[in-house]
Amino acid sequence: MNFKHLSLLSYTQTHSQLDMRTANFMRYPYLVSRKHFAPRWIVFVIDVLLSCLALLSAIFVSASLGTYKTDWRVLAGFCFIILGIRLIGFIIFRTYSGIIRYTSTQDIMWIFYCLTAGEVAIFGVNAILYFVSPALFTGFSFLVIEYFILLGLMISSRLVFKTLFANNFVTIRERKNVVIYGSEQYLIMLKHVLANTPNIQFHISAFIDPSNRSAGKILAGVKICKYKQLPDIFIKDDVDMLIIAQKLINVTRKKELVELCSEFKVEIKEAPNLDKLVSGDFSINNIRNIRIEDLLERGVIELDDDNVRQQLRGKSILVTGAAGSSEAKSCGSSPVSSPVV
């Protein structure tokens with residue numbers, strides 16, 4: 001046991017309030033790598049075993065339905081050909097290289113492409129054997145059954161392992177309650193990005209629909225609420241952060257959101273590059289704080305800080321109209337060193 005595992009064990013002994021998921025990870029650290037990722041060879045071996053299970057299941061189903069009339073010895077020999085093609089497909093498409101706990105729709109589509117390409121190759125080999133000798137032909141019904149069984153097994157295994165990992169082998173992470181304000185088309189995509197953030201566990205408390213047309217509906221297990229419900233949501237769910245995910249939002253509404261978040265001490269951020277969100281290139285790093293210039297209805301005025309500093313040095317300054325959040329930030333960014341405000 002190395003120093004890292006000893007440290008984790010000591011942490012468990014001195015902190016009895018750790019949840020069961022972290023305790024399981026500490027008890028079985030060899031099941032995952034140092035970064036909590038399952039080794040690729042384990043995923044590859046599991047895929048091979050699933051291929052064998054799919055073949056056996058297809059044989060059983062074909063025998064039960066009576067759809068297979070060819071010599072079973074021929075079928076047994078052709079199963080080795082099928083297994084070989086599947087192995088080559090796994091290697092070419094690298095279906096084992098994905099991170100199981102971050103399994104996404106793209107990973108599932110990659111599995112679909114791999115198995116479909118392999119099925120086409122299997123059909124081609126089967127057709128060649130038919131022209132060589134009809135006795136070597138394997139019924140297409142058996143191949144179709146095997147294909148769908150293996151597709152279901154591989155997809156479901158990813159989802160099952162992802163769920164098990166999330167429930168048993170995830171270390172303690174910072175948790176933040178989040179409300180997402182924006183267009184319905186971006187809500188589910190941003191939720192997926194937040195769910196795959198490794199160091200912070202984001203809990204989506206609610207979606208806010210600016211138009212209120214979808215209010216009351218459920219999207220990906222999260223309720224869509226009206227804009228006027230924001231204060232109640234902030235209080236009820238102890239919200240930590242509000243994220244704006246809308247391309248066209250007027251300055252007045254953005255100021256209202258900033259003022260509301262300031263009142264309830266909720267951090268406010270925005271996702272400016274929504275085109276990246278659609279293309280799949282969006283990450284948590286693209287979410288940024290609201291800038292002062294975003295709240296202005298005019299261009300940014302650049303001041304000569306040195307000149308202003310010379311004029312105001314040593315003077316008492318009275319600032320009016322600085323009750324708002326944007327004005328207060330502007331006052332705080334004054335170029336005067338240690339001003340008396």
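The following paragraphs describe the fold, the cores and selected residues of a predicted model.

Local features were considered at a pLDDT of at least 70 and side-chain atom pairs only at pLDDT 80 or more, while totals for chains, interfaces and linings use all residues. Residues are numbered from 1 along each chain as its sequence is written, and side-chain values use heavy atoms, with hydrogens and water left out.

The protein chain has 12 helices and 7 strands. These elements are DSSP runs, numbered from the N terminus: helices are H or I runs of at least four residues, and strands are E runs of at least two. Of the 341 residues of the chain, 35% count as buried. Buried means under 20% relative accessible area, exposed means over 50%, and partly exposed lies in between (1.4 Å probe, protein chains only). Contact means heavy atoms within 4.5 Å. Among contacts in the chain with a separation of 6 or more, 73% join residues 24 or more positions apart.

Helix H3 covers residues 40-65. At 1.5 Å a residue, its 26 residues should span 38 Å, and the end C-alpha atoms are 37 Å apart, which agrees. The expected span is 1.5 Å times one less than the number of residues. Buried residues of H3 include Asp 47, Ser 51, Ala 54, Leu 55 and Ala 58. Gly 66, just after H3, takes a positive phi of about 70°. Three of the named residues, Ala 54, Leu 55 and Ala 58, are in contact with Glu 146. Glu 146 lies in helix H6 (residues 140-168). Glu 146 counts as buried because its relative accessibility is 1%. Beyond its neighbours within four places in sequence, Glu 146 also contacts Ile 82, Arg 86 and Glu 119.

Helix H7 (residues 184-195) has 12 residues. They should span 16 Å; the end C-alpha atoms are 17 Å apart, which agrees. Tyr 186, Leu 187, Leu 190, Val 193 and Leu 194 are buried in H7. Seen down the helix axis, the buried residues fall within an arc of 130°, so they line one face of H7. The arc is that of the directions from the helix axis to the C-beta atoms. An α-helix has 3.6 residues a turn, so residues three or four places apart point the same way.

The largest nonpolar core has 20 residues. A nonpolar core is a set of buried Ala, Val, Leu, Ile, Met, Phe, Trp, Tyr and Cys residues joined through side-chain atoms within 4.5 Å. Leu 230, Leu 242 and Leu 257 touch the most other members. Strand E1 (174-182), strand E2 (200-208), helix H8 (230-236), strand E5 (241-245) and helix H9 (251-263) each give two or more residues to this core. H9 gives the most, with 4 residues. A second, separate core of 18 residues includes Leu 194, Ile 200, Ile 204 and Ile 287.

Contacts of Leu 257 include Tyr 181, Tyr 227, Leu 230, Leu 242, Ile 244 and Ile 268. Ile 268 is in strand E6 (residues 267-270). Its relative accessible area is 13%, so Ile 268 is buried. The C-alpha atoms of Ile 268 and Ile 244 are separated by 7.8 Å, although the two lie 24 residues apart along the chain. Ile 268 also touches Val 258, Cys 261, Asn 289 and Ile 290, among others. Ser 205 is in strand E2. Ser 205 is buried, with a relative accessible area of 14%. Ser 205 touches residues including Asn 177, Val 178, Val 179 and Asp 237.

The structure holds 9 aromatic pairs. Rings of Phe, Tyr and Trp (its six-membered ring) pair if their centres lie within 6.5 Å; planes under 30 degrees apart count as stacked, over 60 as edge-to-face and the rest as tilted. The rings of Tyr 130 and Phe 131 have centres 5.9 Å apart and planes at 75°, so the pair is edge-to-face. Tyr 130 is partly exposed at 41% relative accessibility, whereas Phe 131 is exposed at 71%. Ring pairs also link Phe 93, Trp 110, Phe 112 and Tyr 113 into a cluster.

Two residues that are not glycine have a positive phi: Arg 94, at about 55°, and Asn 212, at about 65°. Arg 94 is in the loop between helix H4 (72-93) and helix H5 (105-132). Asn 212 lies in the loop between E2 and strand E3 (218-219). Arg 94 is partly exposed at 38%, and Asn 212 is partly exposed at 34%.
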